[in-house]
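The exercises below are to be worked with the sequence and the coordinates at hand. Each task is followed by a solution in steps.

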Amino acid sequence: MINQGMTKKDKVNIREMIDQNQRGNSIRRKVEKAIPIFLSLIASISVLTTIGIIWTLLSETVEFFKRVPFLDFFTGTVLKPLSQNPEFGVLPLLMGTVTSSLIALLVAAPIGLMAAIYLSEYASPKVRKVVKPILELLAGVPTIVYGFFAFTFVTPLLREFIPSLQATNILSPGLVMGVMIIPMIASLSEDAMSSVPTAMREGASGLGATKLEVTRKVVIPAALSGIIASFVLGISRAIGETMIVTIASGSTKNFTFDITQSMQTMTAYIVEVTGGDAATGTTVYYSLYAVAMTLFVFTLIMNLLARAVSKRFREEY
Amino acid sequence: MTLLHERRKEKTLSVVRNENWVKPIYETNGLNLWYGTSHALKNIELDINEREVTAIIGPSGCGKSTFLKTLNRMVETATDVTISGNVTFKGNNILGNAMPVEILRSKVGMVFQKPNPFPKSIYENIAFGPRVHGIRNKATLDMIVEESLKKSALWDEVKDRLHKSAYGLSGGQQQRLCIARCLAIDPEVILMDEPTSALDPVSTHKIEELIHDIKNDVTIAIVTHNMQQAARISDRTAFFLNGEVIEEDRTTTIFNTPSDKLTDDYINGRFG
Amino acid sequence: MTLLHERRKEKTLSVVRNENWVKPIYETNGLNLWYGTSHALKNIELDINEREVTAIIGPSGCGKSTFLKTLNRMVETATDVTISGNVTFKGNNILGNAMPVEILRSKVGMVFQKPNPFPKSIYENIAFGPRVHGIRNKATLDMIVEESLKKSALWDEVKDRLHKSAYGLSGGQQQRLCIARCLAIDPEVILMDEPTSALDPVSTHKIEELIHDIKNDVTIAIVTHNMQQAARISDRTAFFLNGEVIEEDRTTTIFNTPSDKLTDDYINGRFG
Amino acid sequence: ACGEDGDSAKSEKNNASAKDVKLEGSVAIDGSGTVYPLMARLAEEYMINEQENVSVEVSRAGTSAGFKKFLVENGTDFNDASRNIKDEEAADAEKLGIEVKELKVALDGLTFVINKDNDWAAEMTPEELISIFLADSTVENWSDINPDWPNEKIKAMGPNENHGTYEFFYEKILDKQDMDSSVNLQQEYSTLVNLVSEDKNGIAFFGFGYYVNNTDKLNAVAVDFGNGAVEPALDTISEDGAYADFTRPVFTYLNVNHAKEKPQVKDFAIYVMNNINKFAGETGFAPIPETEVKENISFLEGL
Amino acid sequence: MKHLSEKQHIRRTKFRLFLNKFSKSIFMLAAFFGLFFLVVLLSKVVADGIGFINFDFLTGKLSTQPERAGIMGAILGTFWLMLVVAPVTMFLGVGTAIYLEMYAKKGRVLDFIQTNISNLAGVPSIVYGILGMTVFVRAMNLGNVVLAGGLAMSLLILPIVIVASQEAIRSIPFFLSEAAYGLGATKWQTIQRVILPASLPGILTGAILALSRAIGETAPLVVIGIPALLIPFPGGIMDRFTVLPVQIYYWTLDASLVAEYANLAAATIIVLLVALFILNSTAIIIRNKFQRVF
Ligand SMILES: Nc1ncnc2c1ncn2[C@@H]1O[C@H](COP(=O)(O)OP(=O)(O)OP(=O)(O)O)[C@@H](O)[C@H]1O
Ligand SMILES: Nc1ncnc2c1ncn2[C@@H]1O[C@H](COP(=O)(O)OP(=O)(O)OP(=O)(O)O)[C@@H](O)[C@H]1O
Ligand SMILES: [Mg+2]
Ligand SMILES: [Mg+2]
Ligand SMILES: O=P([O-])([O-])[O-]
């Protein structure tokens, strides 16, 4: 009956077919109802992951603090986990982590921001199309490669200028980490700046402002929270970075301000202690979780901070 | 046209107003709508008559689109929308849960300001609606595609590239494709939201002709910012301002002897 | 107003056309503009006369904004723009590198469709232009701010909250603030791109009054989609279609006895 | 974490000498970083020449860390050690019901390395060396040892407490006296090599193997045990050679239960003993007496 | 300009223009600094490693002898790892993204999940290693096999895939959904027939970039435990394994044992970078090819 060409009868069929299909449609409606439930289960995996991380870290951290007083851990400047008279002060690790991250930020913040300005305000789309993927490529280089590079190239190079620099030191991985987070800062800041409405730029350049003035007086103030958020996220990334410092900064648990010395970060400590596969039950083993918990809380605070800052900025216009 | 007959057969239960033989397919009573706390529609009392073209005019932001989208409940896709009042479609309240929106929308097509074909082939665009409603048979689909394209006067222009992307069409062709896509599910009403405002004069003219051609089969409600267009194509016109219907009447009356000063001002371009 | 005197003193060197005592501040010859390969302005020959209001009308996408933005070279901020032909401002070709755009734009202000105040205080918005051009003195700035706000009839409404964010103003006030921001650098021309199309009737009226008030001091080119507005406020009107100037004449002529059929069709709403 | 495929290959009775029997499964080895090069070499040769379907996995977390993974249920099959098993560790094994067999695999000379530019400390006495590392000694600068030497701070280093080398040094050389807290202890031998090779005042101790592979970067201290300075070398390192005082045996400890359950473990153990002296030299170890080798083989074959 | 003589104005403008030009070159230098660094890094790695790349190296088994060593085992390990990571993250990531973008009601719960995801994205990778070691290797007793590593790695990149998919879905203009709803399509039909096909390129781009992150990750696997010497090739997801970056790590450390290991590490880096380059280029090609049809 369908192939009889197009008569008005056929036309009616469409409506009727549709109506008919709609009537006998309980399965589809059930599927329609089930899908959000199913998807919400999938979505809950990400929440479960967080719970898993916190539970894993917390249960063993509690065990650790049964053996080592809380205060000793957070105020101790000596970390000798494997010694006959072990001491578990986390401050040397915090020092290493903070120092390397600050060095990284000192490199990445100005360069990243300037690169972002260039890309968002000055570069032609053609240039942007080339430079952005290259920056992304830099972000995509595995950190182990940076580590190798810091250890076998940057450190020897730096020693030409700073003879007192140790073969493993916190300076070189800090600098290289800085380069590693340039793309992140550049790209997030660029996002913040390019989300400043063009109308705002037109308003300013319509009054005869140069690009620099438009950027400095309108774009950057408007994007400031986004830019700051990118810095915070950059630091957070540096804090969590592992392989570069593990390879290039050694495992000396120095509590010092001397960046030419070897220092150990929290992440590098974790790698050292697991040493391929950690054995359960010892205080050293539990210290691993206490340090990881500290690291986790540290980065969590940073991330929440970044989020809070950038949220403020989204409400602007 | 059996369907037509059927529609005619339905007893005119609702009150016949203004003219004889014309009965409203949509009736709106005390319709209020809020986006969050902003009151976008205020106490609307407006009917849409069957097999007429109703034009809705008014300045930007007055609630024209909102009202139109209430008629197929598309407005609910926005977040935090509160609706009160009654809207009946063929006597059934559509605002409750009595009728699933999918069924309502299969009877009420919609055409938007910006042509919005799917990023698929022309054929797939037209076949989308029927497929969604469970029509799988290839021959039937072929037939529906051809028929809909013919009705929307697009068949000759595209019959050789049915399986090419719809994005290769011009803006005007895309808009006619969107109308064809509606026609493919044989709706009783088509809602059009400024369907020609992004189009060139020639395309506009074609769409107006198309509206004229299909208005005997389908009820049309059209939002337009072009008053002359409203005057040319509609039977009745409603003038919205600030979420209220200021005036609603036969198009000739609205344009020649509006009873409200605001309507007069708007039609004569003193604002908007 | 010393500058005004200076302007008056300048000898009328360019050809006086159409009317006596009126000389073009902008002259456009064989202007063509492409976005990539799309030809947006075609061989435009259109002058803007000093201390007149020139309205530019035409359907969406016909190149009105593009033309306007060519006049202060803002169009070049778009990517891949090619321009040929001549545009002279007070006798100097602006398309070459002879005059830095920053200088040109300090003499040619621009007001956009959507009000675009900076996310700063009202005061800082107005002071932005003078500051950029090197005026640092607080007293001078105060004076400029007050004067500009007065000219744009905003002073009374905002004088008590000069240091509050400009975002606290209504849409209409923001638009007048943007005009005040232009006036603060004392421009010779103000380009306006549909300055009222996002505004309510009352605000629209205020802006039209404002245009009327300042037109003795400043040349104004205004794009509008509201033909009645063009008729109300402009001295001359140019009708654009598809990147071409179809007709250009005294406003009264255009609206009453257009010489081109297309102009007539557009003005009487047969398309667009 | 390891060794759960024990049930795949089976049985105590299957004690055919495995030469021509195809074996499969895996052998998990962890422990001493000092012994690692030797064991890795043996494992590789075994897989190439003997049983290509057996996967011998060698890690090197350090002797002590290794024991922690060895002495658990489903632990590793072998633990390499650069010191003897401790009493506590042996007690743990007993508690878990793990029968442990000590297999001596080679002799290593504890080597003190210094920077190539260090031309003063090429020879030292054991007492001088010990004074550098002791907590309560007055030695801080080179000149504290010998007034002719530079008045510069000594940078002492060594492997950290994860390592048997550390414990050997602490227990046998320092005689359990506290080590100076300024000694820079590292997890990785490579880090130590680099640190010393780039620091004129550096001095570190570790197994001879890590020195012989880096003679281009490091010098070894010749030790004067009383009869003139002795360089550590393959022929001086032995239980009664000239470097005997700093010579120590290195071991691998076998989980005998695993060897009984898994033929591949037993087979590999026998292979190790049969070939140990062949590869010791090239990885920087001195061989052990053949009689000890024979004893161990006959023990293993009896399982 | 009032209050300013024409001469002053022009002089000042000239200075402002100079300042603008000058800063532009500084900004440009900053942007190209990355490029410069990349070139230095690559030349160092290539100089160290290129001579060691040959067919035997690429297809051979691992060995303690540098002249015999090959990285096929690590390549296969990486391959098997991705075979776990890709489907798991695509399924979980896209599912979560659809839920969040299309179904979840705006409000606290959604905010919480969203915050949670962005925080997860910031959790250091080594913490995922600890999670993997504790949950998959120990508690679930999988051992340090591909599956355990793959699951840990999947959780690590899951936030990236979710966010990328969300962006891809969000970038589908609402008018397309509107068109589908207007024809009476249900929500799932709209998602299935309109939104997912249209956002697929975006999702794929994001997923590929996330995978390339997973390929280069070292720390979590080091924590989970990869033997320093593992010669047999892994043949499935229940086998023990090593991967390219971990091999680089061990060789870098062991360079003090055998100097040529440093060269082997460099050669392996080249292989890894080539693989990543291919993946990234694929992502960029997909992105450019399907960019904004609407
Ligand atoms: N999704 C939404 N959320 C909140 N407010 C909305 C939303 N959509 C529309 N509005 C507001 O509701 C009012 C009516 O909007 P509507 O789109 O119906 O106007 P309109 O008459 O169609 O205007 P136009 O001619 O510009 O299309 C406006 O003030 C608008 O800002
Ligand atoms: N930045 C750009 N890149 C490419 N094409 C553009 C760009 N801006 C405008 N166009 C195109 O140039 C043509 C003219 O655009 P223009 O904005 O000048 O039109 P208009 O007359 O101002 O329209 P409207 O009334 O909608 O503002 C249009 O076809 C438009 O699509
Ligand atoms: Mg609308
Ligand atoms: Mg425009
Ligand atoms: O690595 P060790 O041999 O010192 O345990």
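A polar contact is a pair of N or O atoms within 3.5 Å. The model used throughout is a predicted one.

**Exercise 1. Ligand 5**

Task: List the residues that surround ligand 5, then find which side chain places an N or O atom 2.6 Å from an oxygen atom of the ligand.

Solution.
- Step 1. The surrounding residues are D:Ser32, D:Gly33, D:Thr34, D:Gly62, D:Thr63, D:Ser82, D:His163, D:Gly164, D:Thr165 and D:Tyr189.
- Step 2. The side chain sought belongs to D:Thr165, with an N or O atom 2.6 Å from an oxygen atom of ligand 5. The cut-off for a polar contact is 3.5 Å, so a pair of N or O atoms at such a distance qualifies.
- Step 3. A polar backbone atom of D:Gly164 is 2.6 Å from an oxygen atom of ligand 5, and a polar side-chain atom of D:Ser82 is 2.8 Å from an oxygen atom of this ligand.
- Step 4. On its own, ligand 5 exposes 200 Å², and the protein buries 100% of that area.

**Exercise 2. Ligands 1 and 2**

Task: Describe the shell around ligand 1 and the shell around ligand 2, and state how much of each ligand the protein covers.

Solution.
- Step 1. Around ligand 1 stand B:Tyr35, B:Ala40, B:Pro59, B:Ser60, B:Gly61, B:Cys62, B:Gly63, B:Lys64, B:Ser65, B:Thr66, B:Ala78 and B:Glu194. Helix H2 (residues 64-71) of chain B supplies the largest share of this shell, 3 residues.
- Step 2. Oxygen atoms of ligand 1 are found 2.8 Å from a side-chain N or O atom of B:Lys64, 2.5 Å from one of B:Ser65, and 2.5 Å from a polar side-chain atom of B:Thr66. The accessible area of ligand 1 taken alone is 630 Å², of which the protein covers 58%.
- Step 3. The shell of ligand 2 includes C:Tyr35, C:Gly63, C:Lys64, C:Thr66 and C:Glu194. Helix H2 (residues 64-71) of chain C gives the most to this shell, with 3 residues.
- Step 4. For ligand 2, an oxygen atom is 3.0 Å from a polar backbone atom of C:Gly63. Polar side-chain atoms lie 2.7 Å from a ligand oxygen in C:Lys64 and 2.4 Å in C:Thr66. The protein covers 57% of the 630 Å² that ligand 2 has as accessible area on its own.

**Exercise 3. Nonpolar cores**

Task: Identify the residues with the most contacts inside the largest nonpolar core, and list contacts of D:Val56 beyond four places in sequence.

Solution.
- Step 1. The largest core has 261 residues, and the most contacts inside it belong to D:Val56, D:Ile132, D:Trp142, D:Ile203 and D:Phe268.
- Step 2. Helix H4 (residues 91-122) of chain A contributes the most to this core, 17 residues.
- Step 3. Once neighbours within four places in sequence are set aside, D:Val56 is in contact with D:Val27, D:Ile29, D:Ala43, D:Tyr46, D:Met47, D:Phe268 and E:Leu229.
- Step 4. A second, separate core has 90 residues, including B:Leu68, B:Met110, B:Phe128 and E:Phe175.

**Exercise 4. Annotated spans in chains A and E**

Task: Take spans that UniProt annotates as "transmembrane region" in chain A and chain E, and compare the annotation with the modelled secondary structure.

Solution.
- Step 1. The unreviewed UniProt entry for chain A lists residues 37-58, 90-116, 137-158, 170-188, 218-239 and 284-306.
- Step 2. Residues 218-239 of chain A are 100% helix and 0% strand, with end C-alpha atoms 32 Å apart. Residues 284-306 of chain A are also 100% helix and 0% strand, and their end C-alpha atoms are 33 Å apart.
- Step 3. For chain E, the unreviewed UniProt entry lists residues 71-100, 120-139, 145-164, 221-241 and 261-286.
- Step 4. Residues 71-100 of chain E are 97% helix and 0% strand, with 41 Å between the end C-alpha atoms. Residues 221-241 of chain E are 19% helix and 0% strand, with 10 Å between the end C-alpha atoms.

**Exercise 5. A:Leu71 and the chain pairs**

Task: Decide whether A:Leu71 counts as buried or exposed, then state which chains share the most contacts.

Solution.
- Step 1. A:Leu71 is in helix H3 (residues 70-75) of chain A.
- Step 2. A:Leu71 counts as exposed because its relative accessibility is 60%.
- Step 3. Among the 8 pairs of chains that touch, chains A and E have the most contacts.
- Step 4. Chains B and D share no contact, and their closest C-alpha atoms lie 51 Å apart. Chains C and D do not touch either, with nearest C-alpha atoms 54 Å apart.

Methods
Residues numbered from 1 in each chain as written. Chains lettered and ligands numbered in written order. Predicted model: local features only at pLDDT ≥ 70, side-chain atom pairs only at ≥ 80, totals over all residues. Heavy atoms only, no water. Core = buried A, V, L, I, M, F, W, Y, C linked by side-chain atoms within 4.5 Å. Buried < 20%, exposed > 50% of the residue type's maximum accessible area, 1.4 Å probe, protein only. Helix = DSSP H or I, 4+ residues; strand = E, 2+ residues; numbered from the N terminus. Contact = heavy atoms within 4.5 Å. UniProt positions renumbered as here; feature names shortened; annotations may be inferred. Near = heavy atom within 4 Å. Polar contact = N/O pair within 3.5 Å; in protein donor to acceptor, adjacent residues only side chain to side chain. Areas by Shrake-Rupley, 256 points an atom, 1.4 Å probe, with all protein chains shown as cover.
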